[in-house]
Amino acid sequence: MGSQCCKCGPDEDALEREKRRKLLLAQLHHRKRVKAAGQIQAWWRGVLVRRTLLVAALRAWMIQCWWRTLVQRRIRQRRQALLRAYVIQEQAVVKLQACVRMWQCRQHYCQMCNALCLFQVPERSLAFQTDDFLQVQGAIPSKHPEFHIEILSI
């Protein structure tokens, strides 16, 4: 009855070992869960960072597209302004050349008229009618000289 050599009940050391083993298993399971949670959190933070970077990159791209469009529009406006100025200058030069050429033609015409007026026969002049070497043969000369002016554009 009081013999303790044969133990019928559970051993306290075995219970203690079983408790430690369960505690170690629980700690190991907890560490695995914490590690898995850390990996999931790291993945999610990476997703958020990539999403933020993608949004920032898209916004930067939109700003760059807007800026390039603005620069191209300014370049096109400058080109059009320069082209307008060039056209205005060319038209002014053409008008000036036309005026100068017309003035030259008029000067030449007036010189010809003045030269022909010197040689024109006065209709009532007796002295001129008696000169044989200057007599006009054919019809009566008109009061305005007839000659052909050809204007050539260069």
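Let's start at arginine 21. With a relative accessible area of 43%, arginine 21 is partly exposed. One caution before going on: this is a predicted model.

What does the side chain of arginine 21 meet in a salt bridge? The partner is glutamate 18, at 2.5 Å from N to O. Opposite charges on side chains can pair when the charged atoms come close. Glutamate 18 is also partly exposed, since its relative accessible area of 32% falls between the 20% and 50% cut-offs. Both residues sit in helix 1, three residues apart. That spacing is about one turn of the helix. How many salt bridges does the structure hold? Just one.

Now the wider picture. The protein chain has two helices and zero strands. Helix 1 covers residues 12-119. The protein chain counts 154 residues, and buried residues make up 4% of them. About 15,200 Å² of the chain is exposed. Carbon and sulfur atoms supply 62% of that area.

Next, a surface patch. Which residues make the nonpolar patch? They are Ile40, Trp43, Trp44 and Leu48. Together they make a patch of about 450 Å². Take isoleucine 40 from that group. Isoleucine 40 is found in helix 1. Is isoleucine 40 buried or exposed? Exposed, because its relative accessibility is 56%, and the cut-off for exposed is over 50%.

To recap. Helix 1 holds the salt bridge pair, arginine 21 and glutamate 18. Helix 1 also holds isoleucine 40, one of the residues in the nonpolar patch.

Notes
Residues are numbered from 1 along each chain as its sequence is written. This is a predicted model: local features need pLDDT of at least 70, side-chain atom pairs count only at pLDDT 80 or more; totals for chains, interfaces and linings use all residues. Side-chain values use heavy atoms; hydrogens and water are left out. Patches are made of residues with over 30% relative accessible area and no salt bridge: like charges are joined within 9 Å, nonpolar side chains (Val, Leu, Ile, Met, Phe, Trp, Tyr) within 5 Å. Accessible areas come from the Shrake-Rupley method with a 1.4 Å probe; for residues, only the protein chains shown count as cover. A salt bridge is a side-chain nitrogen of Lys or Arg within 4 Å of a carboxyl oxygen of Asp or Glu. Helices (H or I, at least four residues) and strands (E, at least two) are DSSP runs, numbered from the N terminus. Buried means under 20% relative accessible area, exposed over 50%, partly exposed in between (1.4 Å probe, protein chains only).
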